[in-house]
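Good morning, everyone, and thank you for making the time. I would like to walk you through one structure, slowly, and I will begin with the place where the ligand sits.

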Amino acid sequence: ADRRNRRVAVFGAGYIGLVTGACLAELGHRVVVRDIDPEKVRVLQGGDVPIYEPGLGDMITRNKERLTFTLDLDEALAEAEVAYVCVDTPPSVSGDADLSKVWSVVRSLAAAPHLHTVVMKSTVPVGTGVRARAALDEAGLTATGYASNPEFTAEGRAVNDFMNPDRIVIGADEPATAVLIAELHSGIDAPVVTMDVRSAEMVKLASNALLATKISFANEIATLCENTGADAMEVLGAVGLDHRLGPHFLRPGIGWGGSCFPKDSEALRQLASNTGFHPPLLSAVIDVNNIQKRRAIQKLKDVLGDLAGREIVLLGMAFKPGTDDMREAPSAVLASRLQAEGASVRCWDPLARPSAAEPWLSARRYASPEEALDGADAAVVVTEWAQLRDVDWGRVAQLMRRPVLFDGRNLLDPAEMRELGFTYMSVGRP
Ligand code: UGA
């Protein structure tokens, strides 16, 4: 077959499945994306995208000749030469990743007449490939290849990251399988790194753990700067200029969140302890992240005293700007802690909507930062939305009952904010 015109079935129409499906169609392949959620499939068939991801809608529209969406398993499998597994692997009660959706996809592949290769995109524990191989053999797919092809795309820039990656990692135990996956990506200019399946599975977990480590390190240094009067932004800016360390992921803040770092770091720690090894560094990285959120509450208490009855505004709910995603967002942790202290929580975010999830039920949502801040006792910048830079903070200082602001993202200028009358606190800056 033409290496630019493979028939691909993508299982799972979440962030990863949609981006993978759209980008593979963009590269020239014929793609069917299958999901079991009728509402999601209906939205996609109607030409809409159920998630916010810049560039994704346009890419889907542009490739509609080559990209379809279905609920129907047989339709997805009929022509498929390559099956991508892109379902979510949420943490289970034990802390291990819950692979039930992965296994249900793998079992369903038994009926695929033309299937050449199964590709694992979902983030899975090391060793999943061995179990997948056994499941495929059991399903009669003994001649079907298997590859681990982890994704390194970040939300809010996933389409760009997929099309312009730093590297493509392919784990396969048969050379022919690796070659096929590499060819599927032809048109993308990036080093292809081929290795065994277990190692590819580990690359994904190790990459996210090191990124999370850099942030937790920056947060710990920021606390030390607060205690010693140094300025963490100056310090980390200069540290990052060493090319061996690099400037990225050294921004101190309110702690990391999102659908990946919290889940993957826990999963890696669990994976380690399943092997009898308790990883001290990884555990500390997770601890520092939890401490960072507690420190935010402590800073408010230092100024306000008792938080009971206080009106506190959370500016930003999404786990980072440029997304509507609230999975493991620090805002949710802050909201539930504040409410537990008896505070009344207000919130603002340009994109994210509070889910039916518990901490938000009694939080009031406002259409603009100014409306949320009117009459409030304190505010926290939780997500560094650019809109917050344009707020007329001088006016806000008058509107608030007490102009107390904890800038959890070092978004604003300390001298300016204090000039305007704020009791202003940030992370690691005097
Ligand atoms: C992350 C990785 O960056 C991707 O490479 C990876 O593919 C993805 O997880 C995944 O496993 O799927 P993402 O979760 O979308 O991507 O978001 P990031 O931009 O990495 O941010 C994660 C968290 O770290 C956010 O809460 C952010 O605010 C925080 N962060 C990031 C900091 O506090 N400081 C920094 O310097 C950078």
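Since domain 1 (7–195) and domain 2 (234–425) both give residues to the shell around the ligand, the ligand lies between them. Please keep in mind throughout that this is a predicted model.

Let us stay with the ligand for a moment. There are 20 residues around it, and those that come nearest are Glu-155, Arg-251, Trp-256, Gly-258 and Cys-260. Two elements give two or more residues to this shell, namely helix H9 (197–228) and helix H11 (261–274), and the largest share, three residues, comes from H9. If we sort the shell by class, we find ten nonpolar, five polar and five charged residues.

Now to the two domains themselves. The chain is divided into domain 1, covering 7–195, and domain 2, covering 234–425, and their C-alpha centres lie 33 Å apart. Ten residues from domain 1 and 13 residues from domain 2 take part in the contact between them, and on the domain 1 side these are five nonpolar, three polar and two charged residues.

I would like to return to H9, and for that a general remark may help: when two helices pack, we describe them by the angle between their axes and the distance between those axes.

What, then, is the angle at which H9 and helix H10 pack? For H9 and H10, which spans residues 232–239, the angle is about 135 degrees, and the axes are 9 Å apart. Because of that angle, H9 counts as oblique to H10, and the crossing of the two is right-handed. On the H9 side the contact is made by Ala-218, Ile-221, Ala-222 and Cys-225, while H10 contributes Ala-232, Val-235 and Leu-236. By class, the residues of this contact are seven nonpolar, no polar and no charged.

H9 also packs with helix H12, residues 280–304, at an angle of about 50 degrees and with the axes 9 Å apart, and therefore H9 and H12 are oblique to each other. Their crossing is left-handed. Here Ala-209, Ala-212, Thr-213, Ser-216, Asn-219 and Glu-220 of H9 meet Leu-282, Val-285, Val-288, Asn-289 and Gln-292 of H12, and the residues of this contact divide into five nonpolar, five polar and one charged.

To close, I would ask you to find H9 once more in the model, as the helix that gives three residues to the shell around the ligand, and that packs with H10 and with H12.

Conventions. Residues are numbered from 1 along each chain as its sequence is written. This is a predicted model: local features need pLDDT of at least 70, side-chain atom pairs count only at pLDDT 80 or more; totals for chains, interfaces and linings use all residues. A residue is near a molecule or strand if its C-beta atom, placed from the backbone, lies within 6 Å of it. Helices (H or I, at least four residues) and strands (E, at least two) are DSSP runs, numbered from the N terminus. Ala, Val, Leu, Ile, Met, Phe, Trp, Tyr, Cys and Pro count as nonpolar, Asp, Glu, Lys and Arg as charged, and the others, Gly among them, as polar. Domain bounds come from an automatic or database domain assignment. Axes are lines fitted to C-alpha atoms, for helices over the stretch in contact, and angles run from 0 to 180 degrees between N-to-C directions. Angles under 35 degrees count as roughly parallel, over 145 as roughly antiparallel, 65 to 115 as roughly perpendicular and the rest as oblique. A crossing is left-handed if the near helix is turned anticlockwise from the far one by less than a right angle, and right-handed if clockwise. Two residues are in contact if their C-beta atoms, placed from the backbone, lie within 7 Å.
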